[in-house]
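Reader: I am new to this structure and would like the terms explained as they come up.

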Amino acid sequence: MGSTSLRRVRSWLAAFVGSIILIGGLGFAPAANADDAFAPVPVAVSTTPDSIGAGGQATSRITFQASGPINQVYVLFRNTATGKLHTQMTVGSYNAADSTYSFDVHFAQGTPPGTYLAQYMQIHSAAGQEFGYWRDGSLIHNPGNLPASGTAAVALDALDFNYVTPVDIDRPHTSGFFRTEYWDPYTMSLFVRLSDGRLGLYPTGGNSTWKQAYGVGSGWGIFNTMFAAGDFSGDGENDVITRDASGSLFLYPTDGQGGWYPRQQIGWGWGIFSAIFAAGDFSGDGNNDLLARKPSGELVLYPGNGQGGFQAASTVGWGWGGMTSVFSPGDFDGDHKPDVLARDSAGNLVFYGGNGHGGWTTSRVVGQGWNAITKLGGAGDFDGDGANDVWGIDTSGQMRMYYGNGSGGWKSFGVVGWGWGSFNAVY
C-alpha cells in the first residue's frame, strides 16, 4: 500500500482502538500464552442476507485456519455515505468442529440507507493473542509475532452489506456497535454486562422503542454490584457506582461524550450490605442518594453531598431482609418524590411511598406473581407518557415492560425484548 493508504490505515485503526473504551486501567485481553502455534487466518467470510431491510438482522460467518480456538471477533465497518466507523460488538460463538465464528449484525431504527464496508477485523484467541486483518486480507496487527500459517487470508468484502430501507427494530439484541456517541440524557437507558465483563448500553427512543446498542467498557466482571446513580458527582452528567469483592465502592463519572472520567473510590466496607441501590433525592436536599440494606433487614440511607461523597447516614427502615429484590422506580405515585418497590419471598411486589424527607408515607401490594421475574428494576419513562415504568426479565430471557399509570399502579405491560437472559447484570 502507498503512503496515503497507510495514513488511512493508521487513522482508522486509531478510531478503532479509541472506540473500545478501557475503564480505570482494566485490561481488554488476558495475558498471552503459548497455546497458539500460528496466527489464525480467515479463509472464508460471508453475511446472509447481504442486504438488510425491515427486520434489521443478518448473520455473519468467518471460517478460520487456526491452531487454537477463537474467543472473540470484532469487525470495523465504514459507512461510505457518512464516513462513520462502527465496530461490531459481537456476541457470537466459535465452532471448533469446522473452525467457524458466527455472529449477528443488527442496525437501529432510522439509520440512513448506505453501503457498509468491512474495513478491519480484530481476532482475540482463547490463548490471549490479538490479531488484526485489513480489508484486503493483510495481517497488520500481530503483537505476539506469531508466525503465519502459509495460507493467504481472504479479503473482507464478503462481509459488506447494504441498507435497502431504513430499519425498524423495536427491541434490543445481544449485539451492537461501539461508537463515539453516548446515550440521550432525556430518555431511559439500560446498561448490560456480558459474561466476559464487557459493558454495553441500550438507549431508548422515549416511545417504547430501543435505539442502537453500543459498548462502553470492558473488565467490569470484577464487580458484584453495579447501578446507575443519576448525577451523583454534581457535574450534570449521569454516573455509575460499583462495588467490588473487597467491599470498596467506586464512582465512575461519565463525560457525556461517550467516555468516562477517572473513577473515584467513594467508600470502604460496603461488603456488609446485601443490596445497594440509587434512590434519587430521597432526603429532599437536592442531591441524589443511596439506600443500602444489611442482612439483618436494616435499611440505611446514605445522602449524597452533591460532589461524589456522602453526608451522615441514618436508618430508615427495618424488616427488609425478606425482600428478594428492592429498587427505586423514581416517582411512582405522582407526588414528585422518589419511591421504592420491593418483592417479597411470596412474589408480591410492594410499593413504599417516599415522603421526600428521608421517610415514608404508605405501603401497599401492587402486584402478585413476580417470582417469575429473574431480574427487576426501574425503567424510568420507557413509553414517554410521563409516568415511570418497571422492567423485568423472565426465566425465558424475555424483557417485559410494566407501564406505570403515574398514580402508583399499572397501565399495561408487554414484551419488549428477547435474549436478555444472557446478561449477568442489567441496570
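What follows is a short exchange on strands, burial and pairing.

Author: This is a predicted model, in which local features need pLDDT of at least 70, side-chain atom pairs count only at pLDDT 80 or more, and totals for chains, interfaces and linings use all residues. Residues are numbered from 1 along each chain as its sequence is written, and side-chain values use heavy atoms, with hydrogens and water left out.

Reader: How many helices and strands does the protein chain have, and what makes a run count as one?

Author: The protein chain has 1 helix and 32 strands. Helices are DSSP runs of H or I with at least four residues, strands are runs of E with at least two, and both are numbered from the N terminus.

Reader: Why is strand β8 called mostly covered?

Author: A residue is buried if its relative accessible area is under 20% (exposed is over 50%, partly exposed in between; 1.4 Å probe, protein chains only). In β8, residues 115-125, 10 of the 11 residues are buried, so the strand is called mostly covered. For the protein chain, buried residues make up 53% of the 427 residues.

Reader: How do you know that β8 pairs with β4 and with β9?

Author: Two strands pair if DSSP finds at least two bridges between them. β4 (residues 70-79) and β8 have 9 bridges, so they pair, in the antiparallel sense. β8 and β9 (residues 130-134) have 5, so they pair too, also antiparallel. Gln 72 has His 124 in β8 as its bridge partner, and Gln 122 stands opposite Gly 132 in β9.

Reader: What lies between β8 and β9?

Author: The two strands form a hairpin with 4 residues between them. Gly 128, in the turn, has a positive phi of about 100°.
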